[in-house]
Amino acid sequence: MDSLRIIESWPVPTAAAAVVRADGSLAGSHGPVDHRFPLASVTKPLAAYAALVAYEEGAIELDEPAGPEGSTIRHLLAHTSGLAFDDHRPTAAPGTRRLYSNAGFEVLGDHIAKATGIPFADYLHQAVFEPLGMTSSTLVGSPAKDGVSTVRDLVRFAAELQTPRLLDVRTVAEAVSVVHPGLKGVLPGFGHQAPNDWGLGLEIRDGKSPHWTGSASSPRTFGHFGQSGTFLWVDPDARAACVALTDRAFGPWAAQAWPPFTDAVLAELAGR
């Protein structure tokens with residue numbers, strides 16, 4: 001795909017990108033797809049998927065208590081537990097505000113480790129990385145932000161999100177549906193959003209503006225970006241997903257570069 005060559009113009013030392021169709025076929029890639037990049041918050045969808053595997057295995061229930069009083073696994077996944085960004089103290093009642101929270105995912109990882117008797121990094125490996133053949137992916141710390149992976153590996157995960165093999169399609173459909181609709185909140189890097197819609201570990205684009213995806217991205221687009229200059233989106237209307245990894249921290253450069261890149265990818269996919 002010619003559109004992927006746009007990453008050559010990004011002001012970053014290293015970048016790689018790929019597009020995978022809903023049927024799992026690779027539409028194109030560019031750059032060092034086997035280079036291992038820190039994922040930052042693109043770790044969260046991987047951790048969330050492991051949590052959903054634990055749910056389907058019966059180790060946890062989505063509505064069982066976890067985190068602050070009144071909070072559940074579902075609240076933690078949807079950033080509505082009331083925990084602040086990096087603070088393990090509640091700052092709002094569960095279900096009342098969309099407070100993007102690394103702390104919530106750390107509580108989630110601890111909860112699943114206790115429920116399964118397996119350290120969360122090992123559980124993520126066994127539940128997601130190993131069955132998908134993600135041989136270059138590891139979790140080296142917080143389930144909120146300390147994953148390391150490659151474009152080649154994340155293409156496998158992006159294919160799984162579109163055509164699930166590890167999870168029932170109904171579980172994935174729930175994960176990409178809005179949890180606690182109407183809640184306002186701040187989308188890190190892009191300001192206050194009303195509403196700030198989120199699924200289970202996956203951000204849902206809907207009508208957010210400004211946003212890190214493209215102006216042509218469908219409202220059903222879901223995914224995540226990371227402060228290490230990384231993103232993964234799935235656009236069900238385009239029947240495709242895109243992964244882009246860099247080694248420059250997110251900043252104004254990314255907010256300016258990513259949306260037109262996504263629009264170019266979507267235009268090429270549509271044959272325009």
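In the predicted model, Glu203 has Gly223 of strand β9 as its bridge partner, and this contact belongs to the pairing of strand β8 (residues 203–204) with β9, which is antiparallel and extends over two bridges. Strand β9 is also joined to β10 by five bridges, again in the antiparallel sense, and within this second pairing Gly226 stands opposite Thr230 of β10. The two strands β9 and β10 form a hairpin with three residues between them, and in the turn Gly229 adopts a positive phi of about 85°.

Strand β9 is largely enclosed by the rest of the structure, because five of its five residues are buried. Burial applies to both faces of the strand: Phe222, His224 and Gly226 point one way, Gly223 and Phe225 point the other way, and all are buried. Gly226, which lies in β9 (residues 222–226), has a relative accessible area of 0%, and is therefore classed as buried, the cut-off being under 20%. When neighbours within four places in sequence are left aside, Gly226 is in contact with Leu39, Ala40, Ser41, Val42, Phe250 and Trp258. The C-alpha atoms of Gly226 and Thr246 are 10.0 Å apart in space, with 20 residues of separation in sequence.

Trp258, one of the contacts of Gly226, is among the buried residues of helix α7, which also include Trp253, Ala254, Ala257, Pro259, Phe261, Thr262, Val265, Leu266 and Ala267. The buried residues of α7 pack against four strands, namely β1 (15–21), β9, β10 (230–235) and β11 (240–246). The helix itself comprises 18 residues (252–269) and reaches 27 Å from its first C-alpha to its last, close to the 26 Å expected at 1.5 Å a residue. After α7 comes Gly271, with a positive phi near 80°.

Helix α1 (residues 43–56) contains 14 residues, for which a rise of 1.5 Å a residue predicts a span of 20 Å, and the separation of its end C-alpha atoms, 20 Å, agrees with this value. The helix is mostly covered, with 12 of its 14 residues buried; these are Thr43, Lys44, Pro45, Leu46, Ala47, Ala48, Tyr49, Ala50, Ala51, Leu52, Val53 and Ala54. Gly58, which follows α1, has a positive phi near 90°.

Notes:
Residues numbered from 1 in each chain as written. Predicted model: local features only at pLDDT ≥ 70, side-chain atom pairs only at ≥ 80, totals over all residues. Heavy atoms only, no water. Buried < 20%, exposed > 50% of the residue type's maximum accessible area, 1.4 Å probe, protein only. Contact = heavy atoms within 4.5 Å. Expected span 1.5 Å × (residues − 1). Pairing = 2+ DSSP bridges.
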